[in-house]
Amino acid sequence: MQDEFSRRGFLGGAGAAAAGITVASTGAAAGAAAAGDAHRELPQGRSVLPGDPRYRTLAQGFNQRWSSTPAYIRLVGNEADAVAELNRALDAGLRPTVRGGGHCYEGFVDNDGGVILDLGTMRGVAASTDKFGRPTYGVEGGATNWDVCTTLFREYAVALPAGSCYSVGAGGHVCGGGYGLLSRRHGLTVDHLVQVDVVTVRGGRAVVTQAHREDAQGSPEQDLFWAHTGGGGGNFGVVLRYHFASDVPRPPPRVWLSSVAWPWAELLARPEDFETLVANFGAFMAEHSGPREPVYQGLFAILKLTHHSNGNVVLFSQWDGEDPGPLDAFVAAVERGMTTRSTVQTRAAGGLFLPYPDKRRQMPWFQATMTLNPSGDNQRGKYKSAYHREPFAPEQIAAFRDWLVRDIEGADLSNTLVQIDSYGCRINTRSPEETAVPQRDSIMKLQYQTYWTDPAEDEKHLAYLSGLYRDVYRGTGGVPEVDTATDGAYVNYPDNDLGTADQPDPAYPRLYYKGNYPRLQRAKAHWDEKEVFHHAQSIIPAES
C-alpha cells in the first residue's frame with residue numbers, strides 16, 4: 001500500500017478503491033466520494049468538503065496564485081486527531097499535505113484529489129516541558145508568528161527572534177530556520193529549539209515522535225530533530241508542536257525605528273547616487289556583521305530597492321539601544337557621498353514602514369512590533385532569495401539599477417523590489433553543521449519580490465523577476481552559488497526556478513542545504529522512505 005504514496009508511484013484514487021471506497025475519477029471528484037464515506041462518523045465541521053462555504057478559502061494559499069481542489073480539508077484539532085486523520089488518508093490512498101499559515105511562496109500545499117491537513121486551529125503557545133521533564137515554551141504547529149509574539153511577551157516577558165509578518169505560520173517558519181529583527185543579537189529561531197513533536201509514518205501507520213536535540217548522537221530521533229532546524233516544511237511529517245528552551249531571549253524594553261527614503265526622480269538624474277547608496281549599505285554590513293561585532297548587533301536594517309514606479313528607495317532600521325547615536329551614524333554612513341538627500345518615508349512596497357512624520361522614533365518594543373507586522377495584501381506574488389557573504393560587486397549594482405528602471409508593457413511593477421536584509425552577527429556564531437541551516441557566515445539576505453493582482457500579468461512578472469535574478473548572478477551561472485561571494489538561497493523563500501525533485505540534478509538541494517543535504521536525505525530515508533510527504537522541492541531519500 002505504501003508504494004502508492006511514492007512521488008514516482010502515487011496513483012491518485014487507486015488506493016481509495018483498494019480500501020473499498022468508491023471513486024468516480026481523478027482530481028477533486030476522485031476524492032469526494034472517499035471523503036464522504038470516510039468522514040460520516042466525524043464531528044461535523046472539522047472536515048471541509050467541496051460545497052462547504054469554507055472550502056474555496058481553505059484550499060487557497062495566502063498567495064492567490066496557489067489554489068487546488070483537494071478531496072477534503074481536515075481542520076486538525078489535536079494530536080489524536082492528527083494521527084487518526086493521517087491514518088485515514090493512508091487507508092484511503094489519498095496524498096496528505098500540511099498547511100500551517102498558508103504562506104508558502106510556491107504551491108507546496110496544493111493537493112488536487114488529496115487531503116490538506118490544516119493545523120490552523122492548533123494555535124496554543126504556553127509554558128510546557130520537554131520529554132525529559134525540563135521547562136520549555138511550547139508552540140503548536142498552527143500558531144502564527146503573532147500568536148507566538150503576543151503570548152510569549154504578555155505572559156512570560158520573552159520573545160523568539162522570529163519573523164515580523166504576523167500571519168505567517170510557525171509550523172513552516174521555524175523548521176526552515178526562521179529569522180527576524182532580533183536575530184543579529186539572538187540568532188535564528190531554531191538556535192533556541194530543543195524538541196519537535198511530529199507525526200511521521202512508520203510501517204505504514206502514523207505515529208508521534210518526540211525528537212530532542214539531546215537524543216543519542218547519531219540516532220534517528222536526533223536526526224529528525226536536526227532536520228527540523230532548517231530542513232524546510234512538508235518533508236517529514238505533521239509538526240504538532242515545537243519546544244523552545246526556557247532561556248529564550250527577553251526583548252529590549254524599547255527600540256528606535258527609522259525610515260528614510262531617496263526619491264527615484266533624483267536617483268534617475270544621478271545614477272552614481274544609486275550606486276553609492278547600495279555600495280555603502282553592503283560595505284557597512286561587511287564591516288559590522290561578524291560574530292563578535294561589538295556595537296551593531298542590535299541593528300536590523302532593510303534596504304528596499306523598489307522599482308522606479310514606486311517612487312522611492314527606502315531604508316528601514318530598528319535599533320535596540322537607548323542612545324540613538326549609533327543608529328544615526330549608520331544612516332549617515334549609508335548615504336555618505338550622495339548628492340541626493342534622504343527624506344522621511346512613511347510607506348514602501350512590501351510592508352515595513354514607519355507611520356510617523358519623523359526620521360526616527362523611539363517606542364516600546366511590543367508597540368514597535370505591532371507597527372511592523374504587516375503580511376501585505378492577498379494578491380499574486382513571486383519570490384527569489386540569496387545569501388551574500390561580501391559587499392555587492394559593481395556589476396551587481398548595475399544590474400539592480402538596470403532592471404529597476406526598466407518598464408514592461410502591460411505589467412504594473414510598482415510593487416516590485418529587491419529587499420536587502422541585514423544578517424550575520426549572532427547568527428554567525430554557529431557552525432554550518434550544527435543546525436540544518438548551513439549559511440552561517442553571510443552578512444546580508446536578499447529577497448526578490450513582485451506582486452500583482454491580474455492573472456493576465458503572470459508571465460510578465462515571472463519573466464521580469466527571473467531576468468533580474470539571472471542578471472545579478474550572471475557571474476555564477478545565474479544563481480547565487482554557494483561558497484563564493486554569495487552562499488545559496490533560503491529554503492523558506494522557495495523558488496521552483498531552482499529546479500524540482502522530478503528533474504535531473506536540480507540546483508535547490510545545493511543552494512538551500514549545501515553540505516547538509518546528505519544528512520537530510522538519510523533522515524528522510526528513515527522517517528519517510530516512501531515519500532508520503534512530498535512536494536516539488538522536497539528532500540529525496542538517500543538510496544539504501
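Here is a short conversation about a predicted model, covering its cysteines, a glycine and a pocket.

Colleague: Why is Cys149 called buried?

Modeller: Buried means under 20% relative accessible area. Cys149 has 14% relative accessibility, so Cys149 counts as buried.

Colleague: And why does Cys165 count as partly exposed?

Modeller: The partly exposed class lies between under 20% and over 50%. Cys165 has a relative accessibility of 31%, and therefore counts as partly exposed.

Colleague: How many disulfides does the structure hold?

Modeller: Zero. A disulfide needs a pair of cysteine sulfur atoms within 2.5 Å, and the structure holds zero such pairs.

Colleague: Let's turn to Gly171. Where is Gly171 placed, and why is Gly171 called buried?

Modeller: Gly171 sits in helix α6, which covers residues 170-175. The relative accessible area of Gly171 is 14%, so Gly171 is buried, given that the cut-off is under 20%.

Colleague: What does Gly171 touch, not counting residues up to four places away in sequence?

Modeller: Gly171 touches Gly141, Ala143 and Tyr242; contact here means heavy atoms within 4.5 Å. As for Val238, 67 residues separate it from Gly171 in sequence, while their C-alpha atoms are 8.9 Å apart in space.

Colleague: What makes up the lining of the second largest pocket, by class?

Modeller: That pocket holds about 360 Å³ of space. Among its 22 lining residues, Thr57, Leu58, Arg99, Gly101 and Asp118 are the closest to the centre. By class, the lining has 15 polar, four nonpolar and three charged residues. Gly counts as polar here.

Methods
Residues are numbered from 1 along each chain as its sequence is written. This is a predicted model: local features need pLDDT of at least 70, side-chain atom pairs count only at pLDDT 80 or more; totals for chains, interfaces and linings use all residues. Side-chain values use heavy atoms; hydrogens and water are left out. Buried means under 20% relative accessible area, exposed over 50%, partly exposed in between (1.4 Å probe, protein chains only). On a 1 Å grid over the protein atoms alone, a cavity is a set of points where a 1.4 Å probe fits but cannot get out, and a pocket is an open set with protein on both sides within 12 Å along at least five of seven lines; lining residues have an atom within 4 Å of a point. Grid points are joined across faces, edges and corners, and a volume is the space filled by probe spheres set on the points. Helices (H or I, at least four residues) and strands (E, at least two) are DSSP runs, numbered from the N terminus.
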